[in-house]
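Reader: I would like to go through some charged side-chain pairs with you, one at a time. Please show me the sequence and the structure before we begin.

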Amino acid sequence: MKIIILGAGQVGSSVAESLVSEANDITVVDIAADRLSLLQDRLDLRTIIGSASHPSVLVNAGAEDADLVFAVTASDETNLVACKLAATLFNTPTKIARIRSTEYLTHLEIFSSENFCVDFAICPEQILTEYVENLIEFPEALQVLNFASGKVSLVAVRAFYGGPLVGQQLQELRKHVPNVDTRVAAIFRKNRSIIPEGDTIIEAEDEVFFIAASEDIRVVMRELRSMDKPVKRVMIAGGGKIGKRLAETLERDYQVRIIEHDYRVCERLAAKLHHALVLHGDATDETLLENENIAEMDMFCALTNDDENNIMSSLLAKRMGAHKVVALINRSAYADLVQSGGIDIAISPAQVTIGSLLAYVRQGDVVAVHSLRRGAAEALELVVHGDAKSSNVVGRKVEDVVLPKGATIAAIVRGLPVSKGMSGEMEQEVLSAANPQVIIAHHDTVIEPEDHVILFVINRKMIREVEKLFQVNVGFL
């Protein structure tokens, strides 16, 4: 695909890096020459210096024959104008805009074809907030991802010494949870992927990804490892967009304390939040943490814009007794280093966000893409089309589908209605009426037309091969 990325910040750079590796024709536009220079030194792509909202700059970037425009600058207004120009002047098929302000997000008509022509609006801050919220709901998990409109969950946990499954073969899993169908989709041991077979033995410290119907997740997790006590007390470091959103989301159901060093931001937070306690100070101040009973905190979330600050405050909170610490870390090299140390979960914002964008780039009918292990692996949800003659998968058993080694069909959702473009409430009503069936994939499971197939791919280099497998031939179209 020919793709134009407007904005070379954290999101834009991460999207560019991911898409270049998949042999796409990428052009990046930004007003900062130094950012573009750094990108061009590392990646095989074109760069254009200029404003993303200027028609002449878009022409230079190749908008006249672009397949897709990602408008991910720091300015909502620039992103909206760029999408409008791409539609009006160049008839670009797909326009995606990064939108941070709730003022725009609460009025979806702004994005319609009659207005700013945004096909998909992405809010990285909201995606990150929901991601952290899932980790708080399931404190035992390293990662919690949803598929098929929330009907299926993929959860990563770390096996521990003395755990119920450590030292046992995967085929014993059914004996532990006889009334629930689940499957281990992948195992990572010391950063090396292991393809799960029936005789695979789980070892302590393994990172285990398992999939099940969302309603069964707690039952399965109880068997995989001992359940942590439910989170009640949460401390947030950083009152920026992400910290503020998370505090607003949590304050009704949890005891929330938020630390912010900027006094004016504290005043705004105090006016906006109704139950959370706002503290003015430095999250790396040992005295402040001690005075605020950090040792009693079930979860400490470092969500400032400063990686070093997040790392140091998380390590300090952990040393002082916080039960679990989560740190937002933009630099992927840092994230890999610290998660093996004192920090329980290091979140890469770009990798969490990028899945929402990748669904629009993948070939075939891809509904959802989730980046796993900070970009090393992926989980995809694809819709199967065609019939036994035009498709390589329809009418075939899972064991007969020729997948590349390291790709696994983990689950199938059957009878899921098309809900694209619906509001959240309308989508839930349609889902309730349809009552889709969640099928954990086994070797003899037969794939039918319009099934939603959830795959786990341990190496992103296999993605193109997997997508090609699920495409129907031209004769069917």
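Reader: Is aspartate 119 buried, exposed or partly exposed?

Author: This is a predicted model, in which local features need pLDDT of at least 70 and side-chain atom pairs count only at pLDDT 80 or more, while totals for chains, interfaces and linings use all residues. Residues are numbered from 1 along each chain as its sequence is written, and side-chain values use heavy atoms, with hydrogens and water left out. Buried means under 20% relative accessible area and exposed over 50%, with partly exposed in between (1.4 Å probe, protein chains only). Because its relative accessibility is 41%, aspartate 119 counts as partly exposed.

Reader: Which residue forms a salt bridge with aspartate 119?

Author: A salt bridge here is a side-chain nitrogen of Lys or Arg within 4 Å of a carboxyl oxygen of Asp or Glu. The closest N and O atoms of the pair are 3.4 Å apart, and the partner of aspartate 119 is lysine 95.

Reader: What is the relative accessible area of lysine 95?

Author: Lysine 95 falls in the buried class, because its relative accessible area is 8%.
The value asked for is therefore 8%.

Reader: Which residue meets arginine 100 in a salt bridge with an N to O distance of 2.8 Å?

Author: Arginine 100 is itself partly exposed, at 23% relative accessibility, whereas its partner counts as buried, at 5%. Arg98 also belongs to a network of salt bridges with Arg100 and Glu125. The residue that meets arginine 100 at 2.8 Å is glutamate 125.
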